[in-house]
Amino acid sequence: MPKVSDAHIEARRQQILEAAQACFARQGFHQTSIQDICREAKLSPGAVYKYFPSKGHIIAASCLGCQEGIADFISGVMSQGSTPLEALDSILEHGLAMLEGEEHREPTMMNIQVWSEAVRSAEVRKALMEVTFNTLGKAFTEIFRQAQERGEVDAHLDPEALGITVMGMFHGLVLHRTLDPQIDTAACGKAMRALYQGTVRTESGVDITAI
């Protein structure tokens, strides 16, 4: 039997994921069955299970492309010679622009559903953790580690905890923006920068940024 090429495998996986995403968008995760995905992809259950061992794995994989795209963007920013905090500003601006773009609304909604699914499904949680914390988390940790080496961030703080906290702030904003599209994301972005830049507080009514 001839060996199946990597390109064929990737094309088939993408075919299944696109079919699943179409079903999820129409019906939601729990209302979508493997049979629904098979019909949409025009494949047999055996063909689908060859690439994904369960619906949970398909759900997890459905949001990984977006997460991996963010990880690639972060790597690109870090390779451009920006300072760590300049890179963080660029990443935040990119994230805010994605929140404002209508074309990103469906992927954002799917990400939120995946987070919810990860609470109840160990296999979804494992797949999501692999990208969100092992990829994005490491990238943010490295940003803060480099900033500490430059003396721009308190060296006593845990860089991994800083990375997780910044990710948590943005994930919270994603959730709020999904629930209330009228939220001023630009103002929220300004507030986030003030928090991680240490300019949110004043002392005795004096703006410390002017000192």
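This is a guided tour of one protein chain, stop by stop, for a reader who has the structure open in a viewer.

**The whole chain**

Begin with everything displayed as a cartoon, and keep in mind throughout that this is a predicted model. The chain contains nine helices and two strands, and if you follow the sequence from its beginning you will meet them in the pattern α-α-α-α-α-α-α-α-α-β-β. The chain has 211 residues, of which 37% count as buried.

**From helix H1 to helix H2**

Next, select residues 6-27, which are helix H1, together with residues 34-41, which are helix H2, and then look at the loop between them, where Thr 32 lies. Is Thr 32 buried or exposed? Its relative accessibility is 2%, and because buried means under 20%, Thr 32 counts as buried. If you show side chains here, you can see that the side chain of Thr 32 reaches the backbone oxygen of Cys 23 at 3.4 Å.

Now add Glu 40 and Arg 26, whose side chains meet in a salt bridge with a distance of 2.9 Å from N to O. This pair links distant parts of the chain, since Glu 40 belongs to helix H2 and Arg 26 to helix H1, 14 residues apart. Glu 40 counts as partly exposed at 33% relative accessibility, whereas Arg 26, at 54%, counts as exposed. The count for the model comes to seven salt bridges, and the next stop shows two others.

**Along helix H7**

Select residues 122-149, which make up helix H7, and display the side chains of Glu 142, Arg 145 and Glu 149. Which residues does Arg 145 meet in salt bridges? One partner is Glu 142, at 2.4 Å from N to O, and the two residues are three apart in helix H7, about one turn of the helix. Another is Glu 149, at 2.3 Å from N to O, which lies four residues from Arg 145 in the same helix, again about one turn. Glu 142, Arg 145 and Glu 149 are therefore linked in a network of salt bridges, a salt bridge here being a side-chain nitrogen of Lys or Arg within 4 Å of a carboxyl oxygen of Asp or Glu. Arg 145 is partly exposed, with a relative accessible area of 32%, and Glu 142 is partly exposed too, at 27%, while Glu 149 is exposed, at 59%.

Stay in helix H7 and select Phe 133, which is partly exposed with a relative accessible area of 34%. Adding Met 129 and Ile 164 to the selection shows a nonpolar patch on the surface, formed by these residues with Phe 133, and together they have about 250 Å² of accessible area.

**Helix H8, from start to end**

Finally, select residues 159-179, helix H8, whose 21 residues reach 31 Å from the first C-alpha to the last, close to the 30 Å expected at 1.5 Å a residue. Colour its buried residues, among them Leu 162, Val 166, Met 167, Leu 173 and Val 174. The buried residues of H8 cover an arc of only 150° around the axis, which puts them on the same side of the helix.

At the start of H8, look for Asp 158, where a side-chain oxygen reaches to within 2.9 Å of the backbone nitrogen of Glu 160. Then move along helix H8 to Arg 177, which counts as buried at 12% relative accessibility. The side chain of Arg 177 reaches the backbone oxygen of Pro 181 at 3.3 Å, and there the tour ends.

Definitions and conventions. Residues are numbered from 1 along each chain as its sequence is written. This is a predicted model: local features need pLDDT of at least 70, side-chain atom pairs count only at pLDDT 80 or more; totals for chains, interfaces and linings use all residues. Side-chain values use heavy atoms; hydrogens and water are left out. Patches are made of residues with over 30% relative accessible area and no salt bridge: like charges are joined within 9 Å, nonpolar side chains (Val, Leu, Ile, Met, Phe, Trp, Tyr) within 5 Å. Accessible areas come from the Shrake-Rupley method with a 1.4 Å probe; for residues, only the protein chains shown count as cover. Buried means under 20% relative accessible area, exposed over 50%, partly exposed in between (1.4 Å probe, protein chains only). The expected span of a helix is 1.5 Å times one less than its number of residues. The arc is that of the directions from the helix axis to the C-beta atoms. A polar contact is a pair of N or O atoms within 3.5 Å; within protein, one must be able to donate a hydrogen and the other to accept it, and residues adjacent in sequence count only if both atoms are side-chain atoms.
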